[in-house]
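Biologist: I'd like a close look at how the helices pack here, and then at the sheet they sit with. Take me through it in plain terms.

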Amino acid sequence: MAAVLTLALLAGGGLALAWAIYPLVIHGLATLARNAGPAAQAPAPSVTVVVATREDSGVVAARIANLLSSDYPADLLSVVVALDWASGLQPHAPRVHDPRVRIIVGDQPGGKAASLNAAVREATGDLLVFTDSHQQFAPDSIGALVAALADARFGAVSGQLELPEGKRRSLLEHYWRFERRLRRDEAKLHSAVGVSGSIYAMRRALWHPLPAGLILDDLYVPMRLVLEGHRVGFTAAAKAYDSRRSQVETEFHRKVRTLTGNFQLCAWMPGVLLPWRNPIWLQFVLHKLFRLLTPWLALVFALSIAILAWSAWGPIVLVVAAGAALLMWLLALLLGMSGRLMAYLRWFGTMQAAIAVATVNGITGRWNVWSRKS
């Protein structure tokens with residue numbers, strides 16, 4: 001039983017480290033960190049907003065209109081929209097009669113990375129701002145990203161994605177608030193581990209073409225910059241708003257894609273795994289890799305506890321477990337929380353299933369995980 005107890009302690013400790021200890025330590029260190037003073041004022045740089053899309057013309061036209069309504073100086077702002085080559089949208093591209101906007105077709109064979117490469121080749125701004133199709137920027141978001149990049153230490157800066165909130169937050173919304181806070185704290189110490197693909201900016205001079213088939217530009221680009229000696233910042237002043245409420249099935253496909261992208265990054269950019277190459281190696285391991293162990297650690301922990309309990313009390317454990325589950329359910333019914341509890345359990349189970357599928361994808365090198373559902 002000593003070996004089983006050791007397994008339980010290791011698995012429980014791993015879960016606590018990834019989801020509680022590491023975020024709390026990072027938050028404490030970030031609280032103690034000294035904030036840099038305001039950057040020296042300089043002439044406003046030109047900015048090109050890049051949108052890689054496979055959405056229909058109505059969505060694209062609305063996104064362009066929102067970007068052009070920014071309060072950033074109009075003569076310094078341009079927009080390049082790249083339509084995914086594989087989407088077949090070229091004949092249905094929206095007609096925009098603003099000289100600041102260019103709509104092009106992405107590179108073959110298609111995909112987001114190929115579209116981004118094509119769009120950046122057409123960009124003329126000193127800074128690049130990346131976003132997706134469905135979000136809306138606050139009027140001052142582009143200016144906030146530019147202000148954050150005035151600090152020469154930063155090669156890229158992430159803004160803050162705001163998800164719609166219902167009367168009660170879903171588990172996804174709680175998770176996203178947790179994730180934003182963690183990225184903000186990491187950026188105060190050195191760099192955020194990843195940026196939000198819906199709103200981030202970088203210096204155009206630091207751009208390198210993305211490899212075909214890349215899943216996560218919003219992880220690959222910042223980690224490449226970190227390996228090259230730059231920092232990746234975070235500013236809550238730059239906001240992108242998403243009006244869509246995520247459904248469990250949609251979020252499952254999205255999480256499979258993004259988590260598979262973590263495995264792909266390690267395979268395609270192995271320097272992130274080397275502590276002498278990656279200045280935020282510990283953050284990367286604890287933030288990204290340890291989370292991939294969550295379902296397996298949880299399974300080992302649960303089985304270990306069950307074995308220990310059975311060895312101590314025998315079949316009575318089943319009665320106690322069933323009684324505890326029934327009591328919890330009755331309490332949830334009395335408090336009117338049964339629906340919320342079931343929703344939380346469904347979200348939690350779905351996310352663990354996504355990790356399992358992504359693990360299989362990573363082990364087998366299956367990187368083609370894009371779908372309309374994601």
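Modeller: Helices α1 and α8 are oblique to each other, because their angle falls outside the bands for roughly parallel (under 35 degrees), roughly antiparallel (over 145) and roughly perpendicular (65 to 115). Helix α1 covers residues 2-32 and α8 covers 281-289; their axes come within 9 Å and cross at roughly 140°. Those axes are lines fitted to C-alpha atoms, for helices over the stretch in contact, with angles from 0 to 180 degrees between N-to-C directions. The crossing is left-handed, meaning that the near helix is turned anticlockwise from the far one by less than a right angle. From α1, Leu17, Ala18, Tyr22 and Ile26 meet Gln283, Leu286 and His287 of α8, where contact is heavy atoms within 4.5 Å. That contact has five nonpolar residues, two polar and no charged; Ala, Val, Leu, Ile, Met, Phe, Trp, Tyr, Cys and Pro count as nonpolar, Asp, Glu, Lys and Arg as charged, and the others, Gly among them, as polar.

Keep in mind that this is a predicted model, in which local features need pLDDT of at least 70 and side-chain atom pairs 80 or more, while totals for chains, interfaces and linings use all residues. Residues are numbered from 1 along each chain as its sequence is written, and side-chain values use heavy atoms, with hydrogens and water left out.

Now the sheet. The chain has eleven helices and eight strands, taken from DSSP runs (H or I of at least four residues for helices, E of at least two for strands) and numbered from the N terminus. Eight strands make an open sheet of mixed pairing, in the order β3-β2-β1-β4-β7-β6-β8-β5. Its edges are β3 (101-105) and β5, each pairing on one side only; to pair, two strands need at least two DSSP bridges between them.

Start at β4 (127-131), which runs antiparallel to β7 (200-203) and is joined to β7 by four bridges. There Val129 has Ala201 as its bridge partner. Next along, β7 and β6 are antiparallel over three bridges, whereas β6 (154-162) and β8 are parallel over seven. Ala156 turns up in both pairings: its partner in β7 is Met202, and in β8 it stands opposite Val232. At the β5 edge, residues 136-137 are joined to antiparallel β8 (231-241) by two bridges, with Gln136 opposite Tyr241.

Helices pack on this sheet too. Helix α3 (112-122) touches β1 (47-53), β2 (77-83), β3 and β4, and its direction makes about 155° with that of β1. Helix α6 (217-227) lies across β6, β7 and β8, at about 35° to β7.

One last stop is Ala353, in helix α11 (338-364). Ala353 counts as partly exposed because its relative accessibility is 33%, between the cut-offs for buried (under 20%) and exposed (over 50%), using a 1.4 Å probe and protein chains only. Its C-alpha is 8.6 Å from that of Val256, though the two residues are 97 apart along the chain. Over the chain, 78% of contacts between residues at least 6 apart in sequence join residues at least 24 apart, and 47% of the 374 residues are buried.
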